[in-house]
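The following exercises concern a single chain and are to be worked through with its sequence and structure in view. Each task is followed by a solution in steps.

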Amino acid sequence: MKVTFLELYNKEVTDLLAQEDSSRSSSDDKQKKHVSLMEDGKGCVVLRGLEEEVVYSANDIYARTRLIKKTHDGYEESMGDEDLIKCGKLNLVDLAGSENIFRSGSRDGRAREAGEINKSLLTLGRVINVLVEHSSHIPYRDSELTRLLRDSLGGKTKTCIIATISPSAHSLEETLSTLDYAYRAKNIKNKPEANQKLSKVVLLKYLYWELERTKERLHTLLSHVYHQMS
């Protein structure tokens, strides 16, 4: 199994498995490796350059990440005379809760952080509402959070949401908001599909095709640069 571990904070995606560069500034933020969200042309979000760790057991996972946000797995099985590669993906996401900034007394950077979290959650709420209402346009691109969760929200996957709430009357507003989120998300109807099975021959042909296409793009780019310089 291959594991990745990322953080979305203030609209920036950070690779938490990447090694920190000790030669750079002592600031933790400046040492983090930021990753760009891209699309693969098929509507799927790709995180280019995200570090992957190969793990063989649960202890391996805990030792490398301590808390997993996103994991990918792939394994092979034999069927008849042909070896198949069965690919699956499991996403584990820890969503931050909303916060009443005025009541909590958050100031400066902490208040801005809470404000960004609340905006992301509002966008997520709009996407959930649109999915429940079966509207034609779904605003996944309105935030990095909803782009990352696209497969889980309206894709071909099974999705489970665990809502954590407080019995305290002081947290009543946040508790009601969380329960409302969970209730609306529960009404989303996805159509899960079985993990993809691909023969090794087909996979190798696909990888060869991707390699040739990359070579063509590189050749075109180098020719363009050459003509500009000459």
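A residue is called buried when its relative accessible area is under 20%, and exposed when that area is over 50%. The model is a predicted one.

**Exercise 1.** Determine whether R147 is buried or exposed, and describe its surroundings.

*Solution.*
Step 1. Locate the residue: R147 lies in helix α5, which spans residues 144–148.
Step 2. Apply the cut-off: the relative accessibility of R147 is 15%, so R147 counts as buried.
Step 3. List the contacts: beyond its neighbours within four places in sequence, R147 touches L37, M38, E39, V45, Y140 and R141.
Step 4. Take one of these partners, M38: 109 residues separate it from R147 along the chain, yet their C-alpha atoms are 9.6 Å apart.

**Exercise 2.** State in which order the strands of the three-stranded open sheet are arranged, and identify its edges.

*Solution.*
Step 1. The order is β2-β3-β4, and the pairing is antiparallel.
Step 2. The edge strands, β2 (6–9) and β4 (33–35), each pair on one side only.
Step 3. From one strand to the next, the twist averages 40°.
Step 4. Between β2 and β3 (residues 12–15), which run antiparallel, there are four bridges; Y9 stands opposite E12 of β3.

**Exercise 3.** Characterise the chain as a whole.

*Solution.*
Step 1. The secondary structure consists of eight helices and 10 strands.
Step 2. Of the 230 residues, 24% are buried.
Step 3. Among contacts with a separation of 6 or more, 55% join residues 24 or more positions apart.
Step 4. The accessible surface is about 16800 Å², with 53% belonging to carbon and sulfur atoms.

Key. Residues are numbered from 1 along each chain as its sequence is written. This is a predicted model: local features need pLDDT of at least 70, side-chain atom pairs count only at pLDDT 80 or more; totals for chains, interfaces and linings use all residues. Side-chain values use heavy atoms; hydrogens and water are left out. Helices (H or I, at least four residues) and strands (E, at least two) are DSSP runs, numbered from the N terminus. Buried means under 20% relative accessible area, exposed over 50%, partly exposed in between (1.4 Å probe, protein chains only). Contact means heavy atoms within 4.5 Å. Accessible areas come from the Shrake-Rupley method with a 1.4 Å probe; for residues, only the protein chains shown count as cover. Two strands pair if DSSP finds at least two bridges between them. Axes are lines fitted to C-alpha atoms, for helices over the stretch in contact, and angles run from 0 to 180 degrees between N-to-C directions.
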